[in-house]
Amino acid sequence: MAGANDEGGMVSGTGGVSGGEALASASPDLPAPDLHAHHVRMPGATEPIEVAAPFLQPNQLEGFRIGVTSDRRSSDLIDAFERRGARVVHAPTLRIAHSQQDGPLLEDTRLMIAARPDVLLATTGYGVRRWFEVAEADGIGSALTDALAETTILVRGPKARGGIRATGLNDSGMSDSETTASLVDKLLAEYPPGLVIGIQVHGATDEVQLDRLRAVHERVLVVAPYRWIAMDDTDERVYKLVEAICARQLDCVTFTSAPAVHALFTAAEGMEMYPELIAALRSEVCAAAVGPVTSAPLMAAGIAPIQPTRFRMGALIRLVCEHLEQNMIERVETQNGLVQLRGSIVQVGEERVQLPPTALAIMRALMRARGAVVSREDLTLALAGDSDDHAMEVSLSRLRQTLGVPGLVATVVKRGYRLNV
């Protein structure tokens, strides 16, 4: 509910948790995020998505690697990124549970029909649609519509408004910031106490907001058309996603609900890789959240995600494309011409080559030194895992062979290596 999700208003109606609960996932021993890292931009500080940028170029994301954590409508995100040349890793951290909840949903719906609430709070378009579809399939759809005909309906955002209007009903107002907390704020500020309140919740219920309603109103009736459940242990995609983030093998990870963030954190904790995951998302791997609710658990863990000014999937796609292209291509002028590192692809002049992970780690270290000498020890540390001098030398040799540009990576005797700037 409150702060429960941003996806409900844009991708699907997902559930979530409050910012207070998100704090429990943060580790107090981890250092504060580097707010000057090249990809970091605090929520609300991003440029409007209408920025004129080559958004529709089919190759603009070539070389970049993006993780997608959503379940429902994930294909929309994946297709959009792949059409622009990105390689996408899909690892849904949660999925929507439906049919097994229909019995309780119908029971709660009958209670709502009998009570004829004074005010109904609608939080997600997907949740509203599913609620009425289940009611219709059971033969009580008309009774539900009739029961709500005289009810004042308040919606959390445009998607919830669309869901309500699709049923033939109309709303009387929308929350200020498209969160359930602000929707409850509106109700408490503008309507008298002692009413019968209905609320359509989603995914993971936030009892804090329900308690706020119960403290003021006579009766609060809740319907939950769906809920989020964690992926089972047989699905290894989430674990591989954690490993890829920690190894800096992804450039960006997208989140469309707060519970998806928590599920990723939980998986990392179970793998004993939580500190490494947080460190990667604070530095080299960009976290992209659809809105402030989804951003809350990331920020509580010291991660500064990018976030569109409009909390919609299209805006998220546009922002990710623009951000990667404008902020995450590293460029160094060398004696061999301009060298650009875009994700896993290095471009020298007009030639682009794909680098394997270990060669990429070394190339990234050399690019960031911008012609300064990088010691053998530092290059070894740049490799993931238990690497040694031999592994570094093999990776460096492979990098030179893959680049195919003699002299671009120069050896500095007894000191290390550098780009030939």
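Two exercises with worked solutions follow, one on a sheet and one on cysteines.

The model is predicted, so local features need pLDDT of at least 70 and side-chain atom pairs count only at pLDDT 80 or more, while totals for chains, interfaces and linings use all residues. Residues are numbered from 1 along each chain as its sequence is written, and side-chain values use heavy atoms, with hydrogens and water left out.

**Exercise 1.** Work out the strand order of the open sheet of 4 strands, and state which strands stand at its edges.

Solution. Begin with the terms: strands are DSSP runs (E, at least two residues), numbered from the N terminus, and two of them pair if DSSP finds at least two bridges between them. Applied here, this gives the order S2-S1-S10-S11, with parallel pairing. Strand S2 (87–90) and strand S11 (286–289) each have a single partner strand, so they stand at the edges, with one side of each left without a neighbour in the sheet. From one strand to the next, the twist averages 25 degrees, the angles being taken between N-to-C directions, from 0 to 180 degrees, of lines fitted to C-alpha atoms. As a detail, S1 (residues 65–68) and S2 are joined by 4 bridges, and Gly 67 has Val 89 in S2 as its bridge partner.

**Exercise 2.** Decide whether Cys 286 is buried or exposed, and explain why its sulfur forms no bond with that of Cys 252.

Solution. With buried defined as under 20% relative accessible area (exposed is over 50%, partly exposed in between; 1.4 Å probe, protein chains only), Cys 286 is buried at 0%, and Cys 252, at 1%, also counts as buried. A disulfide requires two cysteine sulfur atoms within 2.5 Å, and a search of the whole structure finds 0 of them. The sulfur of Cys 286 has its closest cysteine sulfur in Cys 252, 4.3 Å away, which is too far for a bond.
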